[in-house]
Every structure is written in structure tokens, then in C-alpha cells.
Amino acid sequence: MHACGHDVHTACLVGTAAVLARSRDAWRGTVMVVGQPAEETFQGAKAMLDDGLYARFGTPDAVLGQHTAPLPVGTFMHREGVTMMGSTHVRLRLFGRGAHGAQPQLSVDPVVLGASVVLRLQTIVSRELSPLEAAVVTVGQFQAGTRANVIPEEALLELTVRTEDDAVQARVLAAIERIAKGEAAAAGAPKPPLVEVLNRGPVNRNDPELLRRVRAAHGEWFGREALVPGVLGTASEDFPFFARGPERPVPIVYWFLGITPRKAWEDAPGTTLLEKVAHLPGPHTPYYAPDRAGSLRMGCESLTVAALACLHGGGGATDH
Ligand SMILES: [Zn+2]
Ligand SMILES: [Zn+2]
């Protein structure tokens, strides 16, 4: 089950639009409500921008984004600087030579080649990057063969790469290509592997001034105790594409909305925030179940308060 909380996001967006439309005399400016599809595959934001979102409706002064997280309902997490890592989805096709499973000498076995590639890819983060350069290389898919006694023609690997920095991302991608080609050559493959970048999500970096304004507005509305310390997320988003205006960069801010029911939070083992989160179901698991009423109310309020903080052009949202 996917369960990323996108139904919560959309419901909160619609609720916020309704509140802002009803209180039209309480704020000045233009609000653009973006119901973006395909966040999960990093394609929706870019498709909307390529389709002229800013050209047709104007380039905004600020873009706000909110996503659920397995934090206690009624809490919010904002992180200065990078809040989520950049991501690249890579596909490797490794070519071998098929043969009867009983005659391996006639083959170039892409299963063995693929296994070598998977193992050597583990050395990119552990041996090629500095311990201070945060990165993830995960092979989430390895497909080869259909029968026990047939050596197949090729193997397919799909990887996700996460980094905190675009330059590190480029180095990791170059290392993946070098390793795949090197292992194929070592195996005597009939041709070099095909390396394809399927999609990318940029590093999600909050604008410092906009972040301060939104966090202050949330602190004022919900109380300072509702704000939990920011932790760098290794998940990724296509939201940062909205920072790419046609003429100038657009300030963006992205925060997390806690949705875990209070009882589940209290019952979870551990004392620190990270210990408890480690024991609670997160997005992309079938057990990710938001506190319905609390998540919707808090999510609507947080979007509305943040929008008003921008529309008032000041540091608070006290007069609505
Ligand atoms: Zn997701
Ligand atoms: Zn999501």
C-alpha cells in the first residue's frame, strides 16, 4: 500500500481554500491553490511548470508545501536549509549471454554480473564519499531469469539515489555508471550496460526568511511546544521544482504535519522523538493511519496561518 497521506494533503488544501475564500476581506493578494498530481514519481510539479503554470497565472512571491509525517498529531516540523534529500531513479540493464543452466561455460551470466554490481555499489557510500556527505544508494529491484536451469540474457537493476547535495549526487551517479561498466567488462559482457536516469527530484531547500516567517506564525498559533526540532529527511519530493521561476528563483518552504494519534504516540516504545518514530508506521506502509479529525483540522489551520503570514506580508497571523 502506498499511503503517503496525499488524501490528507488534498483535503487540507481544499479546506484552506474555502476558509481563505470566505475571509476574502481579511487579506490582500492572490492565492494560487495547486492540486499537483504525481508527486510520488517526481513528475507532477515539473509537468505543471512546463505547461506554463507561472506564465499563465503569475510567478508567486512564496510557495508553501505541507506533507504528513509520523509525528504526534498537533506537532509540526520545519527544518532550516535542506529539509529533504535530492533523489534520482536509475535503471541499469546488464547484458550477458544466455545458455543452458548446465553449461555455464557457454554463458556470460548476467545474474552473477548483477550480484557483483549490487555488492560493489555498496562501496560508493562506504568508500567513495566522506562520512560527512549524507547519501543513500538502494537497489530496490533486481530482475533476471525465469527458470532454475536457464541462464538468462540480461539482468535489470533499479536504484534510488538520495543525497543532501547536488554535486554529491552527480558524483554518485558517475560512480554507478563506472561500476556497472567496469563489472560488465570484468565479466566479459558482449556489450556495455545501458544506464538510464528515469526521473529526478531536486534537493528540497527551504528559503531561510520564508521559513522563519512560517515557523513564527505556526508557533504563535499552535504554541511553541507544537514545533519539534527539524531532522533531515532522506525521502524526496518534486516540490522544489516550484522554486524555479521563469525569471528568478521563487522562495519555497515545506514543513511536516504530525498525524499520529496521541494514544499510538504515547504507547510507542522509546523516549526521544526519533526512537518513537522508529517504532511507528510511516508513509508507504499499510499501517500509516492518520488521526482523521486532528490531522485535517491542524493541517487546514497550519496552511491557512502560513498563507496569511505571507498575505499580510508580516511576521504573524493574529487577526483572523
Ligand atoms: Zn510517498
Ligand atoms: Zn508523499
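**Exercise 1. How far apart are the centres of domain 1 and domain 2?**

Start with the bounds, which come from an automatic or database domain assignment. Domain 1 takes in 6-84 + 203-311, and domain 2 is 86-201. Taken over C-alpha atoms, the two centres are separated by 35 Å. Next, look at where the domains touch, counting two residues as in contact if their C-beta atoms, placed from the backbone, lie within 7 Å. Ten residues of domain 1 are in contact with eleven residues of domain 2.

A word on what you're looking at: this is a predicted model, where local features need pLDDT of at least 70 and side-chain atom pairs count only at pLDDT 80 or more, while totals for chains, interfaces and linings use all residues. Residues are numbered from 1 along each chain as its sequence is written, and chains are lettered from A and ligands numbered from 1 in the order in which they are written.

**Exercise 2. Find the order of the four strands in the open sheet, and say which stand at the edges**.

Helices (H or I, at least four residues) and strands (E, at least two) are DSSP runs, numbered from the N terminus. Two strands pair if DSSP finds at least two bridges between them. Following the pairs gives β6-β8-β4-β9, with antiparallel pairing. β6 (135-144) and β9 (194-201) each have a single partner strand, so one side of each has no neighbour in the sheet, and these are the edges. From one strand to the next, the twist averages 15 degrees.

Now zoom in on one pair. β6 and β8 (residues 154-163) are joined by nine bridges, and Val 139 has Leu 159 in β8 as its bridge partner.

**Exercise 3. Which strands do helices α4 and α5 lie across?**

Angles run from 0 to 180 degrees between N-to-C directions, and the axes are lines fitted to C-alpha atoms, for helices over the stretch in contact. Take α4 (residues 110-128): it lies across β4 (86-95), β6 and β8, at about 175 degrees to β6. Then take α5 (residues 166-187), which lies across β4, β6, β8 and β9 and runs at about 10 degrees to β4.

**Exercise 4. Work out which side of α5 is buried**.

A residue is buried if 20 or more other C-beta atoms lie within 10 Å of its own, exposed if 12 or fewer, and partly exposed in between, with C-beta atoms placed from the backbone. The buried residues of α5 include Val 168, Leu 173, Ile 176 and Glu 183. The buried residues cover an arc of only 160 degrees around the axis (using directions from the axis to the C-beta atoms), so they sit on the same side of α5. They pack against β4, α4, β6, β8 and β9. Over on the other side, Ala 167, Ala 170, Ala 174 and Ala 185 are exposed. Just past the helix, Gly 188 has a positive phi of about 75 degrees.

**Exercise 5. Describe the setting of Ala 3 and His 284, which have a positive phi although neither is a glycine**.

Ala 3 has a phi of about 45 degrees and belongs to the segment before α1 (6-22). It has 17 C-beta neighbours inside 10 Å, so Ala 3 counts as partly exposed. For His 284, phi is about 70 degrees, and the place is the loop between α8 (273-279) and α9 (292-311). Here there are 12 C-beta neighbours inside 10 Å, so His 284 counts as exposed.
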